[in-house]
Amino acid sequence: MSLESVRQFFAERAPDIGIIELAESTATVALAARAHHVKPGQIAKTLSLKVRERVVLIVTRGDARLDNLKLKKTLGAKARMLSTDEVVSWTGHPVGGVCPFGLETPLQVFCDISLRAYDEVLPAAGSINSAVRLSPERIATLTDATWVDVCQIPAEI
């Protein structure tokens, strides 16, 4: 059902974007980067958080880490990650396939500025072996996301 809701989302809002389905799992940033032959940072991971009584999604580059102080300052309260069951219930997507498209429940979406390091990123598409390729700006436009600075980027070695 989840992949189908994402397929419907793109059919209605961006028919030019195709869903990539692979035989292997892309449920983690490392697996997805390897399968798509890109850097881990180019994988757009979607984090499901509860802030007070609301659930929000934050889309960030795959190698970024949430900065709790920035997050609290930006969202006005401490956030906690949703449990696996809560993620499925709120988004309709399985963990490893969570994306801001085709959601079970309308949720506020935030895109972290770290995504802008890449012209093209690959968020999941509602299953543990699917993704789409698009620009960070297109993600924000399609999901009515707000740009935020809530992550730490690893130092380049």
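Which element gives the largest share of the lining of the largest pocket? The exercises below work towards this and related points. The model is predicted: local features need pLDDT of at least 70, side-chain atom pairs count only at pLDDT 80 or more, and totals for chains, interfaces and linings use all residues. Residues are numbered from 1 along each chain as its sequence is written, and side-chain values use heavy atoms, with hydrogens and water left out.

**Exercise 1. Describe the largest pocket and its lining.**

Step 1. Fix the term. A pocket is an open set of points on a 1 Å grid over the protein atoms alone, where a 1.4 Å probe fits, with protein on both sides within 12 Å along at least five of seven lines; lining residues have an atom within 4 Å of a point.

Step 2. Take the volume, the space filled by probe spheres set on the points, with grid points joined across faces, edges and corners. The largest pocket holds about 410 Å³.

Step 3. Find the lining. It has 26 residues, and Ala27, Lys45, Thr46, Gly96 and Val98 lie nearest the centre.

Step 4. Assign elements. Helices (H or I, at least four residues) and strands (E, at least two) are DSSP runs, numbered from the N terminus. Two or more lining residues come from each of α2 (29-36), β2 (43-51), α4 (84-91), β7 (122-123) and β8 (130-131). β2 gives the largest share, six residues.

Step 5. Sort by class. Ala, Val, Leu, Ile, Met, Phe, Trp, Tyr, Cys and Pro count as nonpolar, Asp, Glu, Lys and Arg as charged, and the others, Gly among them, as polar. The lining has 15 nonpolar, 10 polar and one charged residues.

**Exercise 2. Place β2 among its partner strands.**

Step 1. Check cover. Seven of the nine residues of β2 are buried (under 20% relative accessible area; exposed is over 50%, partly exposed in between; 1.4 Å probe, protein chains only).

Step 2. List the pairings; two strands pair if DSSP finds at least two bridges between them. With β7, β2 pairs in the parallel sense over two bridges. Ile43 has Leu122 of β7 as its bridge partner.

Step 3. Turn to β3 (54-61). β2 and β3 pair antiparallel over eight bridges. Lys50 stands opposite Val55. Two residues lie between these strands in the hairpin, where Arg52 takes a positive phi near 55°.

Step 4. Finish with β5 (residues 79-81), antiparallel to β2 and joined to it by three bridges. Here Leu49 stands opposite Met81.

**Exercise 3. Trace Phe101 and Thr143 through core and pocket.**

Step 1. Start with the core, a set of buried Ala, Val, Leu, Ile, Met, Phe, Trp, Tyr and Cys residues joined through side-chain atoms within 4.5 Å. The largest nonpolar core has 27 residues; Phe10 and Phe101 touch the most other members. α1, β3, β6 and α5 each give two or more residues to this core. Another core, of 13 residues, lies apart from it and includes Val56, Ile58, Leu75 and Val150.

Step 2. Read the contacts (heavy atoms within 4.5 Å). Beyond its neighbours within four places in sequence, Phe101 contacts residues including Phe10, His93, Ile139 and Thr143.

Step 3. Follow Thr143, which sits in α5. Thr143 is buried because its relative accessible area is 12%. With the same sequence neighbours set aside, Thr143 contacts Pro100, Phe101 and Val109.

Step 4. Link to the second largest pocket, of about 260 Å³. Pro100, Val109 and Thr143 are among its lining residues. By class, that lining has seven nonpolar, three polar and two charged residues.
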